[in-house]
Structures are given as structure tokens and as C-alpha cells.
Amino acid sequence: MFHWGSIHYASLMGSGKPKEANRLFGTVLRFLIVTYLVTVVLGLIFLPQLLCVLGASPDYPGVYTIAERYVRAQLICVPIMFCQGPLYYFVHADGAPKRAAVALTVSNTVDIALNYVFVIHLDMGAEGSVWSTAIGAAFCLVICGKHIIGKHGLLRFCWPSIDPRGLFRCIRTGFASAVQHIYQFVTVLCANTLLLSIGGPVGVAVFNVVYNLSLLFVAVADGIGMTLQPMISTYQAERDAPAVKRTVQLSVWYGSVLALLIILGLGFGAAPLCALFGLTGEARTIGSLALWIYCISILPALWNQIAIYYQQTTKRERSALVIQTLRLLLCFLVPMFALAPFGLNAFWWVFPISELSTFLYTVVSIRKQKKMNQLAADSSAATIRSFSTHIQNVELLGDTVEQLQRTCESWDCTSQQSYYATLVVEEVCAAILEDAKNNHRNDILIKLTVSADQDGFTLHLRDNSYEFNPFSSEEGDGPNALGMSIVRKKAKEFFYRRYQGFNTLLIIL
């Protein structure tokens with residue numbers, strides 16, 4: 001459920017809507033806290049029934065007592081352990097991926113260290129592992145909370161009025177990511193049951209080894225997807241289709257390189273890894289074969305996951321859900337039961353079959369979307385007009401202003417509209433160039449996009465200079481003070497954000 005809000009939050013921030021983004025954050029956080037508290041209460045009330053569903057039986061008192069203590073501790077710690085996910089994803093989307101990574105690393109490190117203390121030294125058993133995880137999650141909450149309270153980004157704690165529509169939108173956007181955990185629960189349960197019948201405990205042990213090692217690759221794909229989303233949102237707001245395409249291509253390229261490294265590691269280290277997980281003899285041989293077959297699925301799995309993140313970011317939630325459903329449920333379960341009669345060694349081909357078949361669907365659906373996008377672009381060309389260029393110095397700024405003025409005339413804009421648009425571009429870009437000059441930044445590059453529709457002009461400016469918000473300077477300060485004062489008065493709305501080393505400025509006239 002953690003992706004529900006963070007994906008939609010990244011989209012809103014990329015579109016220059018910080019107020020809506022923070023209202024969304026407050027709504028999602030409140031919804032999750034209430035959900036977690038209800039989960040705790042219901043779980044504790046119906047604890048015996050829950051244990052029965054999970055397979056614990058009072059007929060085995062020793063095991064039942066351990067399971068009861070473990071599940072009770074899990075329920076008590078649910079609000080702490082489960083809130084770290086939303087904060088991690090929101091802080092990551094707020095332009096602080098390093099802080100989010102540090103929070104998650106510290107959380108896991110504390111968890112591992114306290115696991116050793118609680119379980120081994122204090123002999124707290126399974127219950128001790130729960131408390132160590134909860135304390136680790138608390139560290140993550142503190143680090144991420146410090147980012148928000150310290151106002152290091154644009155994310156703020158708030159308690160807005162309930163917005164059912166906003167909540168539904170973010171649930172719809174992130175549902176394809178959230179539902180994967182349900183699918184994995186179903187497939188793992190079915191796989192374990194099936195493997196017990198065809199391979200006994202060895203089959204289940206090998207499957208668990210493959211599944212646990214696959215989490216390493218999943219982390220790589222998630223990292224690429226989470227980086228992709230805010231960039232795609234920003235470029236889409238600027239109507240910069242080439243930048244969107246280039247970003248996706250780079251994600252696929254670098255992701256594929258990392259995936260190949262993982263394939264090499266798993267391929268050459270299959271036997272040692274199986275031994276590390278405790279597989280010996282025949283189990284190690286079967287485990288090595290399973291890992292080699294699994295490696296075939298890694299590249300198509302990466303491409304499928306990038307497609308899911310892209311579809312979510314571009315508001316094609318249904319397509320993202322279909323891809324996720326195919327790769328983790330339908331195209332997994334059907335081949336799994338079909339391959340089971342052929343023995344344990346044949347079972348592992350379910351991994352490449354599910355990913356490759358899903359990838360074929362992904363390719364076909366993307367081609368159809370390209371045709372539809374081209375038709376939509378042709379139909380909207382008359383209502384949405386766009387001007388884009390790059391500015392490196394004052395000389396180019398003068399030429400850009402003249403080009404924009406001629407462009408506005410070709411758009412049949414009034415002389416007043418043309419004047420305000422060129423004035424804002426000239427003054428804001430001059431202020432950015434002046435600040436870069438004062439800070440001895442010689443490789444300054446400003447990407448300017450001006451779009452016009454029935455409601456007026458929207459200006460997108462992005463530069464690679466040091467952090468600088470031209471609207472933050474005091475009136476009467478600097479050579480561009482008068483011009484910036486006029487811009488402040490004429491702009492309906494302006495929004496500044498520093499993200500991944502770039503200054504992003506959005507101005508609505």
C-alpha cells in the first residue's frame with residue numbers, strides 16, 4: 001500500500017502543485033494510521049481465529065504458544081513498522097533519495113544487530129525478532145520525520161479535511177504496486193503447497209532460496225522506478241516528449257546493465273549461494289539449476305517493472321494493473337500447475353515463462369498506446385501550443401525573447417499577453433544568469449518551455465546552477481529587482497523546487 005500516495009505525490013510535485021501534494025500526503029497518512037490501528041484492534045480481538053487461519057493449532061501447545069506471542073507482538077508493532085514504508089517513499093519522492101536510503105539502511109542495520117541481541121543473547125525467540133524490527137522502523141521514522149519537520153524539502157505534516165476523491169485517485173494510481181503483495185502471497189502459498197507434493201521439503205527449501213535472492217533484483221527495479229517517476233512527471237508537465245523518451249531509454253539501459261551484473265553473480269555463484277542458505281547434496285544441485293533458470297527471467301522482469309512504473313506515472317493505471325496481474329498471478333499460476341506434472345526440475349521454468357509472456361503483452365500494448373498518443377497529440381495540437389529552447393548566456397536570452405515574441409504573434413496572442421510572457425522570461429532568466437555569474441558558475445544551462453492554452457501561459461524553467469529561487473529575493477535587491485517585482489504582481493502562481501541537482505521553476509500567467 002505504500003506506493004498509493006507516493007506515486008501520485010511525485011506526479012503532483014512534478015506538475016508544480018505542492019499544496020495539493022501535501023494535502024494528499026496528510027490524507028494518505030491519516031488513512032493508513034486509522035487502517036493500522038483498526039488492524040491492531042481486530043487482530044488482538046480475534047487472535048485465536050487469526051492463528052487458526054495462519055495454520056497454528058492448539059493441538060500443538062508448544063508451537064501454538066510461540067506463534068501466539070509472535071503474532072501478538074507483530075500486531076502491537078504494526079503502526080510503527082508499517083508507517084516507515086509510507087514515510088520512506090514520500091521522502092524519496094520529495095527530492096531526498098539519499099536521506100530515504102540512509103533511513104532504510106539504518107533501520108535494517110539496527111534490526112539485524114538487535115536481532116542478534118534479542119534472539120541469541122537474551123533468548124527472546126521469534127518475539128525478539130519482532131521487537132528488533134519495530135525499533136529499526138522507529139529509527140527510519142525519526143530520520144524521515146526530521147526531513148519533514150526540518151523543512152528540508154516541500155513535504156509537510158498536515159491534517160487536512162478528508163478528501164475521498166483524492167484518496168481514491170492515489171489508490172487507483174498505486175494499486176498496481178500495492179496489489180503485488182497480495183499476488184505474491186497467493187503465488188507463494190500455492191507454490192509451497194504444490195512443491196511439497198512434487199519435491200517435498202527440498203522443493204520448498206529451494207523455492208524459498210530463489211524467492212529470497214529475487215528480492216535483491218526487485219530492490220534494483222524499485223529503485224529505478226522510483227527515480228523514473230518524478231522525472232517523467234516533470235517532463236510531462238513541460239510537454240517534453242523527447243525528454244520522457246530519453247529518460248525511459250536511460251532507465252532501461254542502466255537497469256539492464258545492473259540486471260546483467262546480478263545475472264552474472266547469481267549464475268557463477270549459484271552453488272555457493274545455495275550452500276550459504278544451508279542447501280547440501282541433491283538440494284544444492286537442484287537449487288543451482290533453479291537459480292540458473294531464474295536468471296533467464298531477470299531482464300524481462302526488469303522491463304516489465306519499468307513499464308508498470310511508467311504506466312502509473314502517465315496515468316494509465318489499468319494497463320499497469322494488467323501487466324502486474326499477468327506477471328505475478330495469471331502467467332505464473334497457470335504455467336506452475338501445467339509444469340508440476342513434469343517434475344521438480346521443470347517447475348523452475350515458471351519464472352522465465354511468466355516474465356517473457358508478460359513482456360510480449362507489454363510490447364504489443366505499448367505499440368498500441370504509441371498510435372493512440374500520436375492521434376491525441378494531433379487532435380490537441382490546435383488547442384495546446386508550446387515553445388521550447390535552451391539558454392546559456394545573456395546573448396542567447398535576447399534572441400530567445402525575440403523568438404518567443406514572434407511565436408506569440410503566430411499564436412494570435414494579444415499584444416498584452418505577448419508583452420507579459422516575454423517580460424517574465426527575460427527577467428526570470430536574467431536573474432538566474434546573474435546569480436550563476438555571481439557564484440562563478442560558467443556552465444549554466446536553462447531549459448525553457450512556454451505553453452499556451454485557453455487559460456493563459458505556463459512557463460517551465462529548469463537550470464543546473466546552484467540552488468536559487470528568483471522569487472525568494474527581497475524587493476529592491478539586485479539589478480533585476482524592478483522586473484522581478486512586476487513578475488510577482490503579474491504571475492497568478494509560481495512554484496520553485498530543487499530536485500536532483502536542478503532548480504525547477506513553474507510560473508502561471
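## Overall build

A residue is called buried when its relative accessible area is under 20%, and exposed when that value is over 50%. By this definition, buried residues make up 49% of the 509 residues in the chain, which is seen here as a predicted model.

The secondary structure of the chain consists of 19 helices and 5 strands, and its C-alpha atoms fill a box of roughly 85 × 45 × 45 Å when this is taken along the principal axes. Among the contacts in the chain with a separation of 6 or more, 72% are between residues that stand 24 or more positions apart.

## Surface and charge

The accessible surface of the chain comes to about 25,500 Å², and carbon and sulfur atoms account for 64% of this area. As for charge, the chain carries 38 positive and 33 negative side chains, with the centres of the two sets lying 5 Å apart.

On the surface there is a patch of positive charge, in which K245, R367, K368, K370 and K371 gather. The element that gives the most to this positive patch is helix α16, which spans residues 350-380 and supplies 4 residues. One of the residues in the patch is R367, which is found in helix α16. Because its relative accessibility is 61%, R367 counts as exposed.

## Two buried residues

Is R462, a residue of strand β3, buried or exposed? The strand itself covers residues 456-463, and R462 counts as buried because its relative accessibility is 13%, a value to be read against the cut-off of under 20%. When neighbours within four places in sequence are left aside, R462 is in contact with T234, Y235 and E238, with L445, I446 and K447, and with F502, N503 and T504. Two arginines can thus be set side by side in this model: R367 counts as exposed at 61% relative accessibility, whereas R462 counts as buried at 13%.

The other residue considered here is S418, which has its place in helix α18, a helix made of residues 415-438. With a relative accessibility of 7%, S418 also counts as buried. Which residues does S418 touch, if those up to four places away in sequence are not counted? On that basis, S418 touches Q405 and C408.

Note on methods. Residues are numbered from 1 along each chain as its sequence is written. This is a predicted model: local features need pLDDT of at least 70, side-chain atom pairs count only at pLDDT 80 or more; totals for chains, interfaces and linings use all residues. Side-chain values use heavy atoms; hydrogens and water are left out. Helices (H or I, at least four residues) and strands (E, at least two) are DSSP runs, numbered from the N terminus. Buried means under 20% relative accessible area, exposed over 50%, partly exposed in between (1.4 Å probe, protein chains only). Contact means heavy atoms within 4.5 Å. Accessible areas come from the Shrake-Rupley method with a 1.4 Å probe; for residues, only the protein chains shown count as cover. Lys and Arg count as positive and Asp and Glu as negative; His and the chain ends are not counted. The place of a charge is taken as NZ of Lys, CZ of Arg, CG of Asp or CD of Glu. Patches are made of residues with over 30% relative accessible area and no salt bridge: like charges are joined within 9 Å, nonpolar side chains (Val, Leu, Ile, Met, Phe, Trp, Tyr) within 5 Å. A salt bridge is a side-chain nitrogen of Lys or Arg within 4 Å of a carboxyl oxygen of Asp or Glu.
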